[in-house]
Amino acid sequence: MSIQRLDQLIAALLVIFGLWLVYTGIGYGAMQGTTPGAGLLPIIVGSAIALLSAVNLYRALGGLEKLGAGMSGREAAKAAAVIVALLVAVWAIPYLGMTIATMLAMAGIGLVLRTESGPRFFVRLAAVSVLTPIVLLLLFQNLLGVPIPKSVFGF
Amino acid sequence: METLALLWDGILAATDPGIFACTILGAVVGLLIGALPGLGPTAGVAIMLPVAAGFGGVAAIACLGGVYYGSMFGGAITSILLGIPGDAPSVMTVLDGYPMAQKGEAGRALGTSVFASFVGGLLGIAGLVALSVPVSGYALAFGPTEMTAMMCFALSLLSVLGGRNVFKGFVALALGFWLGMVGLDPISALPRYTAGSMNLFDGLDFSIVAVGLFGLAAIFMSLEVNVDKPVAKYTFASLLPRISDAVRTRWQLLQGSVLGFFVGVLPGVGASAATMLSYALAKRISATPEKYGTGIVEGVAAPEAANNSASYGAMIPLFTLGIPGSATTAVMMGGLIMIGLQPGPMLFTENPEFVWSVFGSFALGNLALVFLTLLLTPLLAAALFIPTAYLYPIVIAIVVYGVFAIDNSAFNVMLTIVAGGAGIILARLDYPAVPLILGLVLGPLLERNIRRTLIQSQGDLLVFIERPIALGLFIATLLVLLIPLFLKLMGRKMIAADEAEV
């Protein structure tokens, strides 16, 4: 998807989102007598988002919006892979504990960002991925007293 | 004199080993972050925020402040040695710093940048100290109506000046307001936009969103940044600032510092714009403007003094009014809130020791950075060549542990990652993140103030314009909103500001 097409899509989605905010704001109640209700600001903010995004959509469709080149497919794929690796690691924390989940996420991210090949890279990455979470465990758990989630292995 | 005595007491308090160690830690991290292409002061402060908050009190803010002004020193290293700006505020340093390096004067350029940064920092701290007390004293007279008007003014400035497309600036601001609404309504206690999740009943923690939006997003957008250019050669002795250069650049140092400071105070403008204006002014008033861009020390001194001075100027609205004027100070505001302090004029009356100790740590950190930069430049230059495949997993792991430590919550870590992903889309589509984050910080305060005022006035909107200060600020807000129209009519363009500093 081109950056211009994405801009159009996001602007259109924001128009819908703004209208949804207005709808929910009406549900919360805009005014209760002379007292502003919980829905007043959502109505104002939703209206602003819908209106301004409609202007943005018009600009985007009319080619008036000058955007940068955006991310290359390779950059976008790397960023997506890193985000997925992190989300999977967070999901796995209750099962693997934070230390092991972080080790695996770091190794995964390192592999995604790899620019060199050969066994030396894997040894270095393994060392970084194992040592960093151990240092962080000692720092946060022992020094700062943060209860780091543990796995069935006890760390 | 009383102010100077308070600052001296603050400096003495900041020599406490714990506070000093945190100041130095922040300064070193800032140097590294500033030197690394792709990461800037906001990302640095955001990455360190959860870790620094664990230090508590003065040490936490001293550490975050150290990251902020440390990155201003560090950015010049990459600009001069590689010709790549380490961060946005050091873009102008490339223009003369890199040509100097190519002429075999890399050490001299680095020495000048360190000295200029120190002078800019020193004058910036002097301005911060001199203006903070009167501004906070004046702000004490502000009631909820004036504060509402002041927030509207600051937010309109940010949205208008923060990006290229004003409409997108306001959409970002509105999205920030919406994020600030998530959780229990502050007056009726009705849950809003929580999707039934108990995790969201207390609202979105601003610091968690900020770390994702500025810290992780900056990392995600620079995954392919690997330095493969050769570093310019220099000797350690050549790094030492020369007296002759200091004398030669005295006017650029003074002009850059003063201009940088006042530009830094303005919400939404920031250090990047300060360096551009300072460089442009130095060139315009120079007797030999044609030499700028060819590698002269004046071209390094002016922007480097300006970006350091601007970083202290930007702290004035934060400390005195409780209104951050830039992304970096917004993240610092998160630090103040996390350690249980509400920035604003009351800080000066209720926690004066805290404020002066923090200012004292800035003065110490600024001086320490002269030696740290000179000593660590070879190490920092080497660190630029660490592949992102090793460096970024480490930084991301620190962020993950830090965010988890805020509330011992894996849910928060997930929110940070999502905010990081959203940050990429916002940045690529030119939706400025600064209004969004400030909408999230100031939105709940603004809503509470507006609703309380309307409840007291029984729905009478005229209450907002009955008081002269509030009326003046609302008129100023309207004028700010008309700036893009004026500029369009005059055929002028705005300088893109703080957004690039991330």
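Colleague: How far apart are the end C-alpha atoms of α3 in chain A?
Modeller: Just 14 Å, although the helix (residues 73–112) has 40 residues and would reach 58 Å if straight, at 1.5 Å a residue. That expected span is 1.5 Å times one less than the number of residues. Helices here are DSSP runs (H or I, at least four residues), numbered from the N terminus. It's a predicted model: local features need pLDDT of at least 70, side-chain atom pairs count only at pLDDT 80 or more, and totals for chains, interfaces and linings use all residues. Residues are numbered from 1 along each chain as its sequence is written, with chains lettered from A and ligands numbered from 1 in the order written.

Colleague: Where does α3(A) bend?
Modeller: At A:L96, by about 125 degrees. The bend is the angle between axes fitted to the seven residues ending there and the seven starting there.

Colleague: OK, switching to the two chains. How many residues of chain B are in contact with chain A?
Modeller: 50, and they meet 54 residues of chain A. Contact means C-beta atoms, placed from the backbone, within 7 Å.

Colleague: Which element gives the most to that side of chain B?
Modeller: α19(B), with 13 residues.

Colleague: And how do the residues on that side divide?
Modeller: 33 nonpolar, 9 polar and 8 charged. Ala, Val, Leu, Ile, Met, Phe, Trp, Tyr, Cys and Pro count as nonpolar, Asp, Glu, Lys and Arg as charged, and the others, Gly among them, as polar.

Definitions and conventions
Helix = DSSP H or I, 4+ residues; strand = E, 2+ residues; numbered from the N terminus. Contact = placed C-beta atoms within 7 Å.
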